[in-house]
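Thanks for coming, everyone. I'd like to walk you through some helix packing and one pocket. Please have a look at the model first.

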Amino acid sequence: MLFVKTIYAYTYEEIIYTIADVAKKQAVSSGILYTIVKIESNFNPFAISFLTNKENAIYFKNLETKNISIKASPYSLNKNKWIVSISPINEEYAKEITKLLVKNGFNIDVGLGQLNSFNFKDNEIDMVFNPTYNLTKCAKVLRKCYKAKNKDIQKTIECYNYGMRNRNSNPYYKRFYKHYMEEFKKRAK
C-alpha cells in the first residue's frame, strides 16, 4: 500500500474511505462504486483514457516519458478503435494533459471512476482528479442512469459505461459482475 501512496499521493485506505463516504452521501451502493473504481482505474486517481484510431494511439504511445506512462492497445469491442491509457505521476500532469486533450476535442475518461468529459465542464478540470469530487460526480451519473433505466441494475451499469444509448449486448455489465462477485464473495468468506 505504501507503493500506491508514493505514486498517487492517496493511499488505498484513503480511497476506500472516500468510496464509502461518497456512496453514503450520494445514496449509491459502496460495493458498486468500489467495483467501478477497480475496473475503471484500478484505484489510480490520475488515470486518463480515451478511444482513438491506431495511428493516433501509436502517436500518443511515443509521447511516453518517465513521468507519464502510456499504454495503447486495440479496443476489444471495436476493431477499428484503440484505447489509450495515460497514467501521469501526479495531479498537475493529469490536469495539464486533460486540458490539452479536451481543448483538442478528445472525448476522455478521467480519475478514479473514469468520469467522461461529457459529464464535466472545462472549469472543473482542476477538480476532477480529487477523489471526492470525481467519485461524487460518478455517483451522480450512476443515480441518473438508475432513474433513467427504471432501476434495472444491469442497464444502470451499462449506462454508466456507455451512456443513455442502448446496447444490444452487456459487455461492461458482464465484466462488472465478474469483478463484483470475485471481490464481495471473497469478503463474505
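One definition before we start. A crossing is left-handed if the near helix is turned anticlockwise from the far one by less than a right angle, and right-handed if clockwise. Also keep in mind that this is a predicted model.

Let's take helix α3 and helix α7. α3 covers residues 30–41, and α7 covers residues 153–162. They pack at an angle of about 40°, and their axes are 12 Å apart. Angles under 35 degrees would count as roughly parallel. At about 40°, α3 is therefore oblique to α7. Now apply the definition: α3 passes α7 in a right-handed crossing.

Which residues of α3 and α7 make the contact? From α3 we have Ile32, Ile36 and Glu40. From α7 come Ile153, Ile157, Tyr160 and Asn161. By class, that contact of α3 with α7 has five nonpolar residues, one polar and one charged.

Next, α6 against α7. Helix α6 runs over residues 131–148. The angle between α6 and α7 is about 130°, with the axes 8 Å apart. That makes this pair oblique as well, α6 to α7. The crossing of α6 past α7 is right-handed.

On the α6 side, the contact uses Cys138, Val141, Leu142, Cys145 and Tyr146. On the α7 side, look at Thr156, Ile157, Cys159 and Tyr160. Eight of the residues in the contact of α6 with α7 are nonpolar, one is polar, and none is charged. Note Ile157 and Tyr160: they sit in the contact with α3, and they also sit in the contact with α6.

α6 has another partner, helix α2, residues 12–26. α2 and α6 pack at about 40°, axes 9 Å apart. So α2 and α6 are oblique to each other. Their crossing is right-handed.

α2 brings Thr18, Ile19, Val22 and Gln26 to the contact. α6 answers with Pro131, Thr132, Leu135, Thr136, Ala139, Lys140 and Arg143. The split for α2 with α6 is five nonpolar, four polar and two charged.

Last, the pocket. How much space lies in the second largest pocket? About 160 Å³. Its lining includes Gln154, Lys155, Glu158, Cys159 and Tyr162. Lys149, Gly163, Arg165, Asn166, Arg167 and Asn170 line this pocket too. By class, the lining has two nonpolar, four polar and five charged residues. Cys159 is worth finding on your screen: it lines the second largest pocket, and it takes part in the contact of α7 with α6.

Key. Residues numbered from 1 in each chain as written. Predicted model: local features only at pLDDT ≥ 70, side-chain atom pairs only at ≥ 80, totals over all residues. Heavy atoms only, no water. Axes fitted to C-alpha atoms, helices over the stretch in contact; angles between N-to-C directions. Helix = DSSP H or I, 4+ residues; strand = E, 2+ residues; numbered from the N terminus. Parallel < 35°, antiparallel > 145°, perpendicular 65-115°, else oblique. Contact = heavy atoms within 4.5 Å. Nonpolar A, V, L, I, M, F, W, Y, C, P; charged D, E, K, R; others polar. 1 Å grid on protein atoms, 1.4 Å probe; cavity = no way out; pocket = protein on both sides within 12 Å on 5 of 7 lines; lining within 4 Å. Points joined across faces, edges and corners; volume = space filled by probe spheres on them.
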